[in-house]
Amino acid sequence: MLLHDLLAAPDLRLTLLTGDERLDREIKGVLITDLPDPRRYLSGGELVLTGLMWRRSPADSARFVDALTEAGVAALGAGDARLGMVPDDLVEACRARGLPLLEVPVEVSFGAVTELVGRRVAADQAGDLRGALGRHRRIVAAVAEGAGLGELFALVEAELGVTAAVVSACGTVVAGALTEERAVRLARDYLAAVRLPVVVDRGGPFTLFAVDRSHRAAGWALVCRGEIDVEIGYELAACVAMERTRTEEGRRVERRLAEQLVALACAGGDLAELSARLRTCGIDPAEPYAVVTATVSRRGATDGPDPALLGGRVLEELLDRRVVAAAGADASVALVPLRGDWGDRDALAARLRARTAVLAAGLPAVTVSAGLSGALTGPHAIRGGTEEAGHARRMAEARGGGVATSDEIYTHALLLATVPGDVRSSFAERLLKPLFDYDRRHGAELVRTLGAFLDCTGSWNACAERLHVHVNTVRYRIRRIEELTGKDLSSMADRVDLFLALRAG
């Protein structure tokens, strides 16, 4: 209720003595008091009614008005019953402090004023509640009728004044307007949060809510600009979860079609049928594509989402949900058309590496390993591409996670990746342990010298330049390496052994 509405009530016959310019103040309640300092009972926005029993001298008026002003009251109503008038010192104190002052006639009870204000405030609150319920119904109805997240967020901003977006755990923008850099930072905040919601400062406050209860590596975070009411945030997160569930239903069919395509290709199916199925999955047989396979492992996990299911959901998030991930024999598989900002395989590899790095930093107990094939064309290449991506993924797994590409597997690294870790460690230790021991005892650099010598293809002078030492120093160190390892570095076979030992270790 506003102050000018109270003055307009004909039954009360109130007179405004000061504060003509403050008639738009909102009255949130009424307090009747004759205490000289009622601040402990005030929270701000009240109409204070007083019979002036606290006034013993003119100086009391200034002290009383100071207390009301400090408490943030909306206005003061003074009754005429005790003095038959409102004293000039009270009028002057209110005028000096900008506090509206009303004169309440002796024949009007404070109870009548309180009752009128109470009815109007209750009616206003009921109207606000009806408005809030109406906005809530419109938002929920929009989601139920199939509104996308863009349409939902536009409605939320118009109805509630809340600017929202959704980011995935790997830092991709699912919906809303966020820069890629800010989305990555907010994704890291989401992964690091002990509990949600949480308020973070990223060039201004943002409030983060969890959208669903899926594993955080495949989860979404609702990002609301500013510090918002948690109930609004929870309701909006529930609406986003409803939209995600709705789209998941459609993606189930797409995943089944992708699984059938991969299974048929790996079984050596008919090319004509494979071409038709490839088109069904959104890839023209003449356009280039790449195969990505991925696994997700969690240290110490004994329950939770199925690892294969989780791997597929994480892979889809890494790929911006532009494609679906099929369940393969030992990993999730996705066929990615090389178009748009993924115009080539290298751009796709860079994007995958950046996004798996976000997950690795935010979830140390979760390991994402992905393998990427070369650029392929036509249905006949699906089988080979899947095997190629699988080899690369196993290399990534052997390295402790991340992304490996087909370029890396056609080297000695592929052979090392297929060797069990304990065998690699044993091989490296057997050949290099004498060198490490010697370096520790004498403060020498035999291991570093060996690596530089092999990188320089056995050139004494090039190795000396790289290490910034005299060439005779290099000769001396190489002789010592040969004595300790029993290898002859003029022999190609022995050079290969030592090279592999350095890489395996």
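Here are two short exercises on a helix and a strand residue, each with a worked solution.

The model is predicted, so local features need pLDDT of at least 70 and side-chain atom pairs count only at pLDDT 80 or more, while totals for chains, interfaces and linings use all residues. Residues are numbered from 1 along each chain as its sequence is written, and side-chain values use heavy atoms, leaving out hydrogens and water.

**Exercise 1.** Work out which residues of helix α16 are buried, and what covers them.

*Solution.*
- Find α16 at residues 460–467 (helices are DSSP runs of H or I, at least four residues, numbered from the N terminus).
- Pick out C463, A464 and L467: they're buried (under 20% relative accessible area with a 1.4 Å probe, protein chains only).
- These residues sit on the same side of α16, because they cover an arc of only 100° around the axis (taken from the directions from the helix axis to the C-beta atoms).
- Now look at the cover: it includes α15 (446–455) and α17 (471–485).
- Finish at the end of the helix: α16 is followed by H468, which has a positive phi, near 60°.

**Exercise 2.** Decide whether T293 is buried or exposed, then find the side chain it makes a polar contact with.

*Solution.*
- Locate T293 in strand β11, residues 288–298 (strands are DSSP runs of E, at least two residues).
- T293 counts as buried because its relative accessibility is 2%.
- Its side chain makes a polar contact with the side chain of R393, at 3.3 Å (a pair of N or O atoms within 3.5 Å, one able to donate a hydrogen and the other to accept it; residues adjacent in sequence count only if both atoms are side-chain atoms).

Notes
Buried means under 20% relative accessible area, exposed over 50%, partly exposed in between (1.4 Å probe, protein chains only). Contact means heavy atoms within 4.5 Å.
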